[in-house]
Amino acid sequence: MALEKPYMDVPGTIIFDAEQSRKGYWLNQFCMSLMKAENRERFKADERAYLDEWPMTEEQRQAVLARDLNWCMRTGGNIYFLAKIGATDGRSFQQMAGSMTGMTEQEYRDMMVGGGRSIEGNRYLGEDGNAQPHRQPQGASHPAAAPQQPPHSTSKGA
Amino acid sequence: MARITASVFTSHVPAIGAALDLGKTQEPYWQPLFAGYEFSKQWMKDNKPDVVFLVFNDHATAFSMDMIPTFAIGTAAEYSPADEGWGPRPVPKVAGHPELASHIAQSVIQQDFDLTLINKMDVDHGLTVPLSLMCGEKDPHKDAWPCPVIPFAVNVVQYPAPSGQRCFNLGRAIRRAVESYDEDLNVHIWGTGGMSHQLQGARAGLINADWDNRFLDRLIAEPAELAKVPHIEYVREAGSEGIELVMWLIARGAMADVNGAGPAPRVAHRFFHVPASNTAVGHLILEEAAR
């Protein structure tokens, strides 16, 4: 019997479950190695060579090199582990989280100061909130993702 | 006999630690947040515990993917602040209470909760930020925290986290354990983490202040009902990292009223603020009625 996953219909969200954990094991252990200052130095000196020391998939290495945290998550990364890459780069958790939305750092910060992202339209896939797949990427520089419909429309299928 | 006299609930956002450590507490962004803890710092001085039992979660610091204990209790004499990648926080080491911790471990395991025992662990922001918020800023070398701390780590990193019901029941077991300890100790139990926040994906930045405030209401007034809320509701309504709030139910489950041992606790302090970095900050202090 397959593992029950009641959380698959939450938009813009990957739950770090047993399957993701298996996929991401070496990616996350690589991230963990960046807790040591000497490893951070070696990684920064030659990222590709350092990544090649770990038995990750080539896709996972590419995702790290691109600093594409959404890509890292899809390949099994966990945000608390991936945060070690951000720390190595001197980035805050807010910068990292914001980078996953498409918004600029200032846009994301303004959203948080304004009370954060609304839950409305963002509970279930198929609603029309700003975290839904058809509204990505977010931010003023991505006008194609701006609302195309009245805010309460639910006509978009998953 | 040892007794639990109060429970404290607070978020443990890492950026709060950074704001403290970098001297930003009076900046307009942070000032309203720290103002919400002014009462709490005085309350800690006026109600100094002998031991704090501090429920928190490790954030890929002490526990890598090597092992992921669901519930783990610290039985060490001392814990150092961890280097989470930005360097260790400049705060004092945390003294443990190995005797009471070992007693609680034995009692709670015999009440059918399978705890992992930790004799060596560095503690991350999940533990040190609540201490800073409640005890104020401390010099890492000249100062000390006001009392020993028993760290109690809960897995909320890899799904599934323990259910709210399991956490609530565990809190009840911890109360029985504390009350069967002979030495006369004043114990506070703290539940930390939350409130609504999501750190990942297109839904990053989610805040649900209505849900959070309802959570605070129910934690005070109907915790046994709140404990029935399933994992998926936390994720959907409070964000993927909002699941940390199950840890608050451990502390609430240790109070007298839900153990048939006394009246409802008194709400000494309640505070809610948005945002701290990516997160809604909630804070409660509940006092047991004097006995």
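**Buried residues, helix packing and chain contacts**

Student: Why does B:Ala60 count as buried?

Tutor: In this predicted model, B:Ala60 has 22 C-beta neighbours inside 10 Å. The cut-off for a buried residue is 20 or more, so B:Ala60 counts as buried.

Student: Where is B:Ala60 found, and what is its phi?

Tutor: B:Ala60 sits in the loop between β2 (51-56) and β3 (71-74) of chain B. Its phi is positive, about 55°, although B:Ala60 is not a glycine.

Student: What makes B:Ser277 count as buried?

Tutor: The argument runs through its neighbours: B:Ser277 has 22 C-beta neighbours inside 10 Å, and 20 or more are needed, so B:Ser277 counts as buried. B:Ser277 lies in the loop between β10 and β11 (279-287) of chain B. Its phi is near 60°, a positive value in a residue other than glycine.

Student: Which residues of chain B does a cis peptide bond join?

Tutor: One such bond joins B:Tyr159 and B:Pro160, with omega about -5°. B:Pro160 is in the loop between β8 (149-154) and α6 of chain B. Another joins B:Val274 and B:Pro275, where omega is also about -5°. B:Pro275 belongs to strand β10 (residues 266-276) of chain B.

Student: How are α6(B) and α10(B) oriented, roughly parallel or roughly antiparallel?

Tutor: Helix α6 (residues 164-179) and helix α10 (residues 246-253) of chain B pack at an angle of about 30°, and their axes are 6 Å apart. Angles under 35 degrees count as roughly parallel, so α6(B) is roughly parallel to α10(B). Their crossing is right-handed. Among the residues in contact are B:Phe168 and B:Leu170 of α6(B) and B:Leu249 and B:Ile250 of α10(B). By class, this contact has 8 nonpolar, 4 polar and 2 charged residues.

Student: Why are α2(A) and α7(A) called oblique to each other?

Tutor: Their packing angle is about 45°, with the axes 8 Å apart. An angle of that value is not under 35 degrees, not over 145 and not in the range 65 to 115. The two helices are therefore oblique to each other. The crossing of α2(A) and α7(A) is left-handed. Here A:Asn28, A:Cys31 and A:Met32 of α2(A) meet A:Phe81, A:Leu82, A:Lys84 and A:Ile85 of α7(A). The classes in this contact are 5 nonpolar, 1 polar and 1 charged.

Student: Which residues of α2(A) are buried, and what covers them?

Tutor: The buried residues are A:Leu27, A:Asn28, A:Phe30, A:Cys31 and A:Met32. Their cover includes α4 (47-52), α5 (58-65), α6 and α7 of chain A.

Student: How many helices and strands are there in chain A?

Tutor: Chain A has 9 helices and 0 strands. Of its 158 residues, 40% are buried.

Student: How many residues does each chain bring to the contact of chain A with chain B?

Tutor: Chain A brings 45 residues and chain B brings 34 residues. On the side of chain A, α2 (25-33), α6 (69-74), α7 (79-89), α8 (93-99) and α9 (105-113) each supply at least two residues. The most come from α7(A), with 6 residues. By class, this side has 25 nonpolar, 16 polar and 4 charged residues.

Student: Which residues touch the most other members of the largest nonpolar core?

Tutor: They are B:Leu54 and B:Ile174, in a core of 126 residues. Leaving out residues up to four places away in sequence, B:Leu54 touches residues including B:Leu127, B:Val149, B:Phe152 and B:Trp190.

Methods
Residues are numbered from 1 along each chain as its sequence is written. Chains are lettered from A and ligands numbered from 1 in the order in which they are written. This is a predicted model: local features need pLDDT of at least 70, side-chain atom pairs count only at pLDDT 80 or more; totals for chains, interfaces and linings use all residues. Two residues are in contact if their C-beta atoms, placed from the backbone, lie within 7 Å. Helices (H or I, at least four residues) and strands (E, at least two) are DSSP runs, numbered from the N terminus. Ala, Val, Leu, Ile, Met, Phe, Trp, Tyr, Cys and Pro count as nonpolar, Asp, Glu, Lys and Arg as charged, and the others, Gly among them, as polar. Axes are lines fitted to C-alpha atoms, for helices over the stretch in contact, and angles run from 0 to 180 degrees between N-to-C directions. A crossing is left-handed if the near helix is turned anticlockwise from the far one by less than a right angle, and right-handed if clockwise. A nonpolar core is a set of buried Ala, Val, Leu, Ile, Met, Phe, Trp, Tyr and Cys residues joined through C-beta atoms within 7 Å. A residue is buried if 20 or more other C-beta atoms lie within 10 Å of its own, exposed if 12 or fewer, and partly exposed in between; C-beta atoms are placed from the backbone.
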